[in-house]
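Work through the exercises below with the structure open beside you. Try each task before reading its solution.

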Amino acid sequence: MAGNPRDKYCIVGVGETEYSRASGRTTRALGAEAIRNAMNDAGLTPDEVDGMLSYHGGDSTPSTSIQYDLGIRPNFYMDCSGGGSSTEALVGLAIGAIEAGMCDVVAVFRSMNGYSNVRIGGTGARASAPIGGLDLMKRPYGLISAVQQFAYTFTRHMAEYGVKSEDLAAIKAAHSNHASNNPKALMKHRVTVDDVMNSRWIIRPVAHLLDCCLETDNATCVIVTSAERAKDLKHKPVYIKGVQGRGTKPGGDFHYQHGPISRVAGHYIAPRIFDLAGVKHEDVDLTGCYDAFTYTVLLQFEDYGWCEKGEGKDYVTSGAINLGGRRPNNVSGGHLCEGYTHGMNMVIENVRQLRGTVDDYCPGATEGDHTFDYSEGGCRQVQDAKISMNMGWGTPAVGSSLIMGNVLS
Amino acid sequence: MPNYTYRGITLSIPENDSEYKGYFEAAGEGRLVVKKCSDCGLLRGEPGPGCPWCTSLNWEWQQVSGRGTIYSYQVVAHTVIPAFRDSTPFAIVLVELDEQRGQPTEFDGLRITGNLVDADFNMEKEASVGIGKRVEVAFQPVEDGFMLPQWKLIDEPDQGFTWSHEVPEA
């Protein structure tokens, strides 16, 4: 690949608002707070940030409003249409904007009242809005929410590979254990496989209530700049080793017309991202695998090659994805427990993990002093974490990936 | 076509809807149609403007048999659409039509969504749904000139890969 930017760019600042179900304010107010927190985290002043990138589904506030609120004057901004898997892709676009000479420091943000305003599950105003176009082929049959859009893929995979509800529940249990050591998490209590199995069904046979993520009010931000610029900033740089996305599988929105429908976009992204980053699977210390639903995690693990196709159920129940395991996943608790952000919180978590200063309950956490005692209410820092990988999910047909590290290749 | 209302949902099919208007006009006459490429002759399950196989923008509607096999499905235990609440649990099925199965590649098929319904267009019982079940299209009257394609089980042996989930006790 021409012009591989490996290690030439960094994430230098991360920030977010509280994760809640009643923010009581606008996406403009949330977005301003998250960007401000990320600038403070990086040690950047508003006049040093000259790029803004956001993604939204008609449910956010444009960069050009929030620039006023923080005194930023972008030389480059774009507000892109997009949901899950946009975070990683926009980190890549930020690199592109800097490479093109359009700006030097880019704040990538997502702001959403995902519970109190526009709910991804489709409840409220969305459920009764007039429809046209491709919704005509789905909505009259009761097919509306995100899990329903994905369910043909999930069910067919379950049928072909013998996945059980218990296997999926193990993912929720692992993420909830992680969240119990995250003071920011919206859902901090640990749940068991039985708790998931005993929660009410949403869509059979693929999702109980606790297999679904938490609709959340929040804003999140990561700041991207060159490795050269990062040298002067507050934290140990977290290098971007490679980024891909949003990549697709054949058929796009109509992926179920082609097959195998149990294959997701990660199948096509995996060879490109590992090649670009110069990283092998065994080099990766922790993952951030998009958990809109437990099933999105399992499918991506398979198609990114953490296990053979069909063996995702063994991978997620092996202990590998748990804190203390070989390669913990979604150490913040992810969308299932920390809060639903359309992917940004999993990137933020991995940045903090690679700095070694994750905000758990260890008394010296912010100075990097961790106990590595992963029992409830304790530590969630992964020991000696050097390389992380994020796998964003948009739909079965759409995904992104980001590999970061804290040492140069 | 004007707007139609079904289960409280307004379905808007304007005159310039070059994808779905013809599909629903045919359904209103009791015919299931797909688009056929006028150049390479291949059918497509999604009635888009271009041929995914040869990029031709020339197409015509082609009536199909309306018979197929359930390729995947979901059973809605909880719905966010108010007018479906009295119908849960109900099945939404992805039906693979008999025409052009496994063509032009082994994984391709013409796949259409609908509910699995009984002879009276009530939702079929959950235990009846499964991958591999044989089905036939049935047109559910909604308003004058508008019918919704749905799917009914037919008395034929299951076909190809078969699977069904365990239905929980009520």
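The exercises that follow concern a predicted model.

**Exercise 1. The contact between the chains**

Find how many residues of each chain are in contact, and which elements of chain A take part.

Step 1. Count the residues on both sides: 37 residues of chain A are in contact with 37 residues of chain B.

Step 2. Look for elements of chain A that supply at least two residues to this side; they are α4 (125–128), α5 (146–161) and β5 (201–204).

Step 3. Pick out the main contributor: α5(A) gives the most, with 6 residues.

Step 4. Sort the residues on the side of chain A that touches chain B by class: 20 are nonpolar, 12 polar and 5 charged.

**Exercise 2. A strand pair across the chains**

Determine in which sense β5(A) pairs with strand β6 (residues 67–76) of chain B, and over how many bridges.

Step 1. Compare the strand directions: the pairing of β5(A) with β6(B) is antiparallel.

Step 2. Count the bridges between these two strands: there are 2.

Step 3. Locate one partner: I203(A) is bridged to V76(B), a residue of β6(B).

**Exercise 3. An open sheet in chain B**

Give the strand order of the open sheet in chain B and name its edge strands.

Step 1. Follow the pairing from strand to strand: the 3 strands run in the order β4-β3-β5, with antiparallel pairing.

Step 2. Find the strands that pair on one side only: these edge strands are β4 (43–44) and β5 (59–63) of chain B.

Step 3. Examine strand β3 (residues 33–37) of chain B: β3(B) pairs with β5(B) over 5 bridges, in the antiparallel sense.

Step 4. Locate a partner in β5(B): K35(B) is bridged to W61(B).

Methods
Residues are numbered from 1 along each chain as its sequence is written. Chains are lettered from A and ligands numbered from 1 in the order in which they are written. This is a predicted model: local features need pLDDT of at least 70, side-chain atom pairs count only at pLDDT 80 or more; totals for chains, interfaces and linings use all residues. Two residues are in contact if their C-beta atoms, placed from the backbone, lie within 7 Å. Helices (H or I, at least four residues) and strands (E, at least two) are DSSP runs, numbered from the N terminus. Ala, Val, Leu, Ile, Met, Phe, Trp, Tyr, Cys and Pro count as nonpolar, Asp, Glu, Lys and Arg as charged, and the others, Gly among them, as polar. Two strands pair if DSSP finds at least two bridges between them.
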